[in-house]
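Visitor: I have a structure here and a few things to ask about it. Could you walk me through it?

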Protein chains: 2
Amino acid sequence: MVATVHQVAEVAGVSTSTVSRAFGRPELLNPQTREAVLSAATRLGYTPNRAARGLVTGRTGNLGMVVPDIANPFFPPLVKGATDRASMADLGVFLASSDLDAERELQAVQRMVKQVDGLVLCSTQLDDATVRRLAETTRLVLVNRTIRGIDSVVIDFAGGMRAAVDHLHALGHTSFVYLSGPNGSWSNEQRRQALRAQARKRGLHVSTLGPYLPTYESGVQAADQVLARGASAVIAYDDQMALGVLTRLHERGARVPDDVSVVGCDDVLPVGVARPSLTTVAGPCREVGRMAVELLLAGEAGAGPGGQLGVTSRRTEDRIATEVRQPTQLVVRASTGLAREVVGVGKLSGK
Amino acid sequence: MVATVHQVAEVAGVSTSTVSRAFGRPELLNPQTREAVLSAATRLGYTPNRAARGLVTGRTGNLGMVVPDIANPFFPPLVKGATDRASMADLGVFLASSDLDAERELQAVQRMVKQVDGLVLCSTQLDDATVRRLAETTRLVLVNRTIRGIDSVVIDFAGGMRAAVDHLHALGHTSFVYLSGPNGSWSNEQRRQALRAQARKRGLHVSTLGPYLPTYESGVQAADQVLARGASAVIAYDDQMALGVLTRLHERGARVPDDVSVVGCDDVLPVGVARPSLTTVAGPCREVGRMAVELLLAGEAGAGPGGQLGVTSRRTEDRIATEVRQPTQLVVRASTGLAREVVGVGKLSGK
DNA sequence: TTGTATGCGTTATCAA
DNA sequence: TTGATAACGCATACAA
């Protein structure tokens, strides 16, 4: 049996409203009565029932967070940043992993929307209209996706991708292959388009392979395609795929970076320990999770923050959305090197 | 404005109880009225408020899960298994990451205990007494920790660790170093004791270094200690540390496995891509998360499952606890090899 | 088969 | 400074 306001009230010899106030507005209470209530509460092990409280106040003290796949190493740091920030504000966090399925994601959202004060949707699979409708019901922050009028915080992998193209260009590569992530992924589009634009600018030729699921196995599979095309460089949608590529290239006898240069993206795995260590694009995932919750909190309070680096506020529909953009950077390690042509090595034979 | 039973009732021209029944006990309703209610509900976008429902039924439709650190790659698969199983049962999941801090963990538990039907505590930092007290308030399943009388599911790393010792023994090693995980960690004790017992049995000498935080950086740090001791083999508390060891040994010019053999534990990272690829002990993390929720569900229904492999039921205090034990296995890769003595290589000089 | 009335645990309003 | 009361959204016992 768990204690309620009633038991505490009885033990402390006060009314239930007084018990309630002892927790919610202690300053309104006579110090003596407050102490009496609090000690009675401690004795009975009483804690306010947040669900019941939420029913009357309209605030639940919970947040919701949805990610496509918590087993994808990109997301745990993000979740960590969010839960850490949330627990500082004494907020609970609902987590759902949608398995890259829009319907499952919608179910998860429905399940928690009435029990939370706000939602963080990471790389959401939902279409714009659904998200917009959702935003009318609850506070919403998007991560790695933007929709006009909705608050968001995105990791600007475009910047890192441009740096990656410049890096390959400087090494003498004249073309490269991009291993595409899942279809319909906003992040994939962001990366792919940045890549193509920069490649055009530098006069490089790009060809795209995929779509692939962002896994180690996909990378293994893709590596053979890369060899078949005789590509001198490959940029993968993420590190998991890049590691798979590395492994398979090694098996096939192709040397990295002498025969093929490989670039990953995310830098969340200990990719420095791969041999050769992986050149990749790194972003502040943890910080992004933290920031998403920050935005949620700021939105609840009323005015947005503004003033931080990369924060844009623009009026759309009839509200002002805050868009935070976090920079990325290219981390050059050992998996990228001079192009074959430059060092005079011909195409791999026996593909 | 979100819809409630009242709005739906009004639109459908029925009472609120009828609306309630349309969702909770559809079979009690005249098919026509049920359809009318459901269509009205759809039109208004109505979904039952689970918090309010929980207040009257006593069942919230939510579970809680606490892990020490969601950014530690050991836990995401576990969380994935749990959330997947939970969403099959249409349950929401609260997640908290305690940062290896007992107090923070307790706060997180307090925060959610009234809003959930059960709790999964992974590698909990709480002491036995606190956990027992908690178990009187709510359904509880422990992961990777056992307490008499409390349901649990543990990954039996002891088995894998014994296999690791036998493996080193077979390769001619006569002693090894164990890199210890965090103090007070149940998992660390499980691994360490299994190691020591098996080493004694095989006549190997073990020395322990640590405690260390289970991170890549700790491994880097520990590697120098390992070299200073002239050890021919090292078993690390987890893969992150083992990868750190690998990196630092390489920097120091020690060859793996020719000079030093390295064994990790968990097999959750793509450790096969490390060079040399890492010998490690693998356990069914995903399955364990799934099973923990299964146990919670079974406990709610009444009788426990029983019958599965490794399930023990024992009576303690005045209830019967179910303890599921999942086996592990040694995955031999390239980081372990014949001991130096066997191949005639002396101690490393210039340590 | 459906409606009425009540209570779940809490807080807000109002009166004292 | 404190207490009585109503209401939050819902499910159930009971009556019809």
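Visitor: Which residues lie nearest the centre of the second largest pocket?
Guide: Keep in mind that this is a predicted model. The second largest pocket has a volume of about 1200 Å³, and 47 residues line it. Those nearest its centre are B:Pro48, B:Asn49, B:Arg50, B:Ala51 and B:Ala52.

Visitor: Which element gives the most to the lining of the second largest pocket?
Guide: Helix H4 (50–57) of chain A supplies at least two residues, as do helix H1 (5–12), helix H2 (16–24) and helix H4 (50–57) of chain B. The most, six residues, comes from H4(B).

Visitor: How are the two copies, chain A and chain B, related?
Guide: A turn of 180° with a shift of 0.1 Å along the axis lays chain B on chain A, with an RMSD of 0.1 Å. The two copies are thus related as by a two-fold rotation axis.

Visitor: What share of the atoms of DNA strand C within 4 Å of the protein is sugar and phosphate?
Guide: DNA strand C is surrounded by 25 residues, with A:Val5, A:Ser20, B:Ser17, B:Thr18 and B:Arg21 the closest. Of the strand's atoms that come within 4 Å of the protein, sugar and phosphate make up 64%.

Visitor: Which atom of DNA strand C lies 3.2 Å from a polar side-chain atom of B:Ser17?
Guide: For B:Thr18, a side-chain N or O atom is 2.3 Å from a phosphate oxygen of the strand. A:Arg53 also has a side-chain N or O atom 2.8 Å from a phosphate oxygen. For B:Ser17, the partner at 3.2 Å is a base oxygen.

Technical notes
Residues are numbered from 1 along each chain as its sequence is written. Chains are lettered from A and ligands numbered from 1 in the order in which they are written. This is a predicted model: local features need pLDDT of at least 70, side-chain atom pairs count only at pLDDT 80 or more; totals for chains, interfaces and linings use all residues. Side-chain values use heavy atoms; hydrogens and water are left out. Copies are superposed by least squares on the C-alpha atoms of residues with pLDDT of at least 70 in both. On a 1 Å grid over the protein atoms alone, a cavity is a set of points where a 1.4 Å probe fits but cannot get out, and a pocket is an open set with protein on both sides within 12 Å along at least five of seven lines; lining residues have an atom within 4 Å of a point. Grid points are joined across faces, edges and corners, and a volume is the space filled by probe spheres set on the points. Helices (H or I, at least four residues) and strands (E, at least two) are DSSP runs, numbered from the N terminus. A residue is near a molecule or strand if one of its heavy atoms lies within 4 Å of it. A polar contact is a pair of N or O atoms within 3.5 Å; within protein, one must be able to donate a hydrogen and the other to accept it, and residues adjacent in sequence count only if both atoms are side-chain atoms.
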